[in-house]
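Subject: the model, plus notes

Hi,

Here's the structure I promised to pass on. Have a look, and my notes come underneath.

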Amino acid sequence: MKPTASDKSPTTGSGRFSFPTVSEYDVVIVGGGSAGLSAALVLGRSCRQVLVCSSGPPRNSTSPGVHSFFTRDGIKPADLLRLGHEQLAAYPTVTTREACVTRIEVKEVGFCITMQPDRGGPPVTVSARRVLLATGVTDDLPPIEGMRELWGMGVLHCPYCHGWEVRDKPLAVYAQGKTALGLGLLISRWSKDVVVCTNGPSGIKEKGLQRLARHGVVVREDKIAHLEGRSTGELRHIVFENGEKLARHALFLHTQQRQRSNLAEETGCRLLTNGAVWTNSKAQTSIKGIYAAGDTTPAPQQAIIAAAEGSLAAIAINESLTREECR
Ligand SMILES: Cc1cc2nc3c(=O)[nH]c(=O)nc-3n(C[C@H](O)[C@H](O)[C@H](O)COP(=O)(O)OP(=O)(O)OC[C@H]3O[C@@H](n4cnc5c(N)ncnc54)[C@H](O)[C@@H]3O)c2cc1C
């Protein structure tokens, strides 16, 4: 369904902006990361009128390169998205806006979506037949000096993304209990010199400790004072409260995560205990007509998986619109 001319608002007084105040779209996509832009491509090519609203950087913005992304290995995160935008520009069916979506109202038919343009001005409301949440997650890092500063270079979340760059180097894992065991063993596939730093009692069972030892992984329970890094962002030392320094090239950890946006929760979408947005096999949330893709859902978190999920959600959305139209 195309936006009707009468739905388009006039430009603002200055005449500089032509942001619509009311429009009807087939689909509004919230979030312009890998998931959102990939979904926009599939939906735009399906002759659907799509609005992509995105505000803020993608989750991996502090990383020097996106790895393990087929044909794009090592591309800068901003360049990956720039390419996505460049390719979307060929489709008049797709509109992209820098705006933060603040509310999704479920109507009898479709949805009203309110957003705040990044450049200022009054909030804007549009309507859509379907909504795709591609809003990603936020990583909460342990409150240890240096974690945030080195995040994405010396402090890493995923060996599949960044393990190769630090292979065979002295590495550390920050974790406790089962995670310390699992992540310690995993990282030991990239380097023979791995120390699991548990920052207090390890919480690892005896059998686990034996398993780690069998694979040459050392466990240190000393409390961490701070991390020391290089100006380039790499880790130099883990400094313990007892004053000792452990030279390491990088530290891996699983972060605590929360949804980047409260929209799913506020709209009443079911969340799983870990905070991820529940979806069925067709990427639809517990609210009919609202779909979710990318890190916001429970699937493994990688840019290429987010893009694939965006594509799957787009196909499911287009097919549900087709069913509605072709009775
Ligand atoms: C440090 C780091 C390095 C990484 N390296 C790699 C790597 O090398 N390879 C790899 O495959 N993966 C990597 N990842 C994982 C990858 O970043 C994510 O899997 C991917 O970004 C998920 O894409 P997404 O579209 O779901 O979310 P995001 O990329 O986070 O995009 C979501 C977008 O939605 C916007 N948004 C949120 N709420 C709203 C709202 N209310 N209104 C408008 N916009 C909103 C956000 O600001 C953001 O721009 C890395 C992650 C981190 C943290």
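Below are the notes on a pocket and some ring contacts.

It's a predicted model, so local features need pLDDT of at least 70 and side-chain atom pairs count only at pLDDT 80 or more, while totals for chains, interfaces and linings use all residues. Numbering starts from 1 along each chain as its sequence is written, and side-chain values use heavy atoms, without hydrogens and water.

Pocket first. The second largest one (a pocket being an open set of points on a 1 Å grid over the protein atoms alone, where a 1.4 Å probe fits, with protein on both sides within 12 Å along at least five of seven lines) has a volume of about 810 Å³, that is, the space filled by probe spheres set on the points, which are joined across faces, edges and corners. Its lining (residues with an atom within 4 Å of a point) has 35 residues, and Arg59, His254, Thr255, Gln257 and Gln301 lie nearest the centre. Strand S15 (256–259) is among the elements that supply at least two lining residues; S15 gives the largest share, 4 residues. Strands here are DSSP runs of E, at least two residues, and helices are runs of H or I, at least four, numbered from the N terminus.

Now the rings. Arg167 has its charged end over the ring of Trp164, 3.7 Å from the centre (the cut-offs: NZ of Lys or CZ of Arg within 6 Å of the ring centre and within 35 degrees of the ring normal).

Cheers
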